[in-house]
Each structure stands twice: as C-alpha cells, then as structure tokens.
Amino acid sequence: GAAAAPGFTLPPVRVAWVDYNGQLHVGNLATRAQHVLATVDASAADPMIQAGGRLYWADFSKDVAPIRDYDIATGKIGYLARGDSVFASADGRHMYIVQTASRLIELPADGIGSPRQLALPSGWHVSGGLGGWSVAGGIVIYSGSADQRLGPTILAAWNPRTGHVKIIGRDLDIIDTYTPPGARYSLLAWTSGGVLGITNTSTLASLTVRSPNRYGFTYGGPFSSGAFSPNGKRLAVFLNTTNPQDPYNAPHSVLAIVNTRTGAPRLVPAARLVTTEDVGWARWLPGGNRLIAGAEGGSYAVDAVTLATRPFSFGSPGEDINSSGDINFSATILPASTEAGHG
C-alpha cells in the first residue's frame, strides 16, 4: 500500500472562535487546550474581526446591533457604535463600522478615539453581506442593485481620503483580499459563475484559475470560502467534487492550494469536506506553510508544502459543530504579540 503521509505538528498559535451557543473560545493549536472567555451574541457563521489587539463582532441580540469588542490582553468586553458589520483596513490601522449601505464610520484599530463619518459616493454601496473588504488605499464598494440577482454589479475601490473611485470589475464575488505590507496594490480573489480569479487592484491584471473538474469552485460570498497565505503566494480555496446544485445529495469539496503567481492549483484530496450552502473556511498560520480548513462537518490541519493532512478538532472527532462548541467559520488566528504579558 501507499506509505502513510508524514505526520506534522502545529505551532502553539492561538485561535479564537464563537460557537453556536454564543460562547467565545480561545484555543491553542499545538496542545488543543481551550477555554471559554465569555458568552456573546455573535454569529458563528461570520469570521470575527481582529485588529489593534481586539476582536470585533456585531451583537445580534438587539434590533439595532452594537459592535462589540474583546480586549485580548485585559479580557474586557466593550461596546462601540451601532452598526451591521465591522471590518479592518488593509494596513490594520483602522476599522470600519458599516451603519447603512452607504454610511460608515472609521475608528482607530483599537476602537479608541473619535469616529470619522464616511458617506459613499452617490449610487454606490458597501457589501450587503456580513462584512466588508479593504484594499490598499481604501475599501471595496459596489454599484447596481444590492440584490445581485437583479442585474450586474460593478465593483470598485474607493479611497475615502481622496474620494477617488477605481472600477475593478463586474459580477465578482470576493472570497479574500491580500495587501503586502506598505504596498499600494492589493490582490483580490473572486469567483464568478464557478470560475476563480485573482486581480491586482493597481494594474487590473487578472489571473484565471482553471478548475481541474467540471463543477468549479465553491461560491464563497459573504462567508468567505478562501484565504490568501500571510505572504500572498498561496490561496486556499475549495473545489466542488460533486454537483453543488444536486438537490438529492450533499455537496462535497476538496481543499485546493493555488499558486497566486501561476494560477496552478494543487488539490489536497485528503481534505474532503461537505460544503453545505457552498461554503467552507480556511485560516493560514503564521509563516504561510500550514493552515486549518473546515466546513459544516469538521476541519483539518494541512501542510501546504507536503499536502500532509489530518483531522483537527478541539472536541471529539465526528461531533457536529452546531452542538459541540468546536472551531468553525468564525475562527480568527490571534497574533503572537497579544499573548498575556505582551500587551
């Protein structure tokens, strides 16, 4: 038989997530030790936002939701302005709270300071999804109907400082963005009609990733189904291995690691997932060679160099994430500098 794939260990990186009962967890990937920090009204389907040593999320317990924050160093939970969603700027220095489809406020990354009111140019709106996307020098905005089924949607980058709007493309569902430190460009990963592409926001050069099979890539949408590695050289995505439109069978996907320079995908056949609602999640670990990836039915640890794969869980293998409290779509990798004692 085939030789077993070499085992590998995960670094002692900390990850935060909220489970389907609203419990906010922090766990250590190396030891799988974890504890519950607090009970919060956050969505387990929406990635928690991390900036300025804090975690941010929209509190869904009230009709008009306040944005909440958790200070990783002190363990204190605070309230910020009301809003539908929150996301960080590309350089991590600011965060944006979406208050309506065309109004945001900008705050320093730690949430402390006077908010700056931002109004989008007439005829444009931010994503109607759970969050927003930042690119070098600004944020992603859309024109056309907020309901994408009603017609084409133009996607652009808007610089709130200058007011400049740069058209990037149309009918693109963003799955992730990557901005190199200090760069004036970003890479946008998107899907459109089962096709996967990567576009440079400065040159508008686009790379199309060819699917090795007929069913294309998972849709992604607001529940981001992909992730750039920390250096932008790789993109983790999910490739449909069954017809996602088949009403009688659960949709299956495998993880694929795309080279963002060549567009070549490497399949990770052992990381096979049931991708209900056409979504999965992936989070890279510092260094960009390892990642954890999952969907509704569980998760894996993967070595992107050797493609070694093993099931990964903070609970008992095979438990349903809806009831087990295990890691899920809301997972956020915490930076090492926020360990207790480092401020």
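## Strand β6 and its neighbours

Two strands count as paired here if DSSP finds at least two bridges between them. With that in hand, let's look at this predicted model, starting with a hairpin: β6 and β7 form it, with five residues between the two strands. In the turn sits G75, whose phi is positive at about 80 degrees.

The β6–β7 pairing is antiparallel and runs over four bridges. β6 covers residues 66-71, while β7 takes in residues 77-82. One contact to click on is R68, which has Y79 in β7 as its bridge partner.

β6 also pairs with β5 (residues 54-58), again antiparallel, this time through five bridges. Here A58 stands opposite I67 of β6.

## How covered is β6?

Is β6 mostly covered or left open? Mostly covered: six of its six residues are buried. That goes for both faces of the strand. On one side you'll find P66, R68 and Y70, and on the other I67, D69 and D71, all of them buried.

## The four-stranded sheet

Further along there's an open sheet of four strands, ordered β25-β26-β27-β28 with antiparallel pairing. The edges belong to β25 (281-284) and β28 (309-312); each has a single partner strand, so one side of each is left without a neighbour in the sheet. From one strand to the next, the twist averages 25 degrees.

For the β28 edge, the pairing is with β27 (residues 298-303), antiparallel and joined by four bridges. S299 is a handy residue to look up in this pair: its bridge partner in β28 is F312.

Methods
Residues are numbered from 1 along each chain as its sequence is written. This is a predicted model: local features need pLDDT of at least 70, side-chain atom pairs count only at pLDDT 80 or more; totals for chains, interfaces and linings use all residues. Side-chain values use heavy atoms; hydrogens and water are left out. Buried means under 20% relative accessible area, exposed over 50%, partly exposed in between (1.4 Å probe, protein chains only). Axes are lines fitted to C-alpha atoms, for helices over the stretch in contact, and angles run from 0 to 180 degrees between N-to-C directions.
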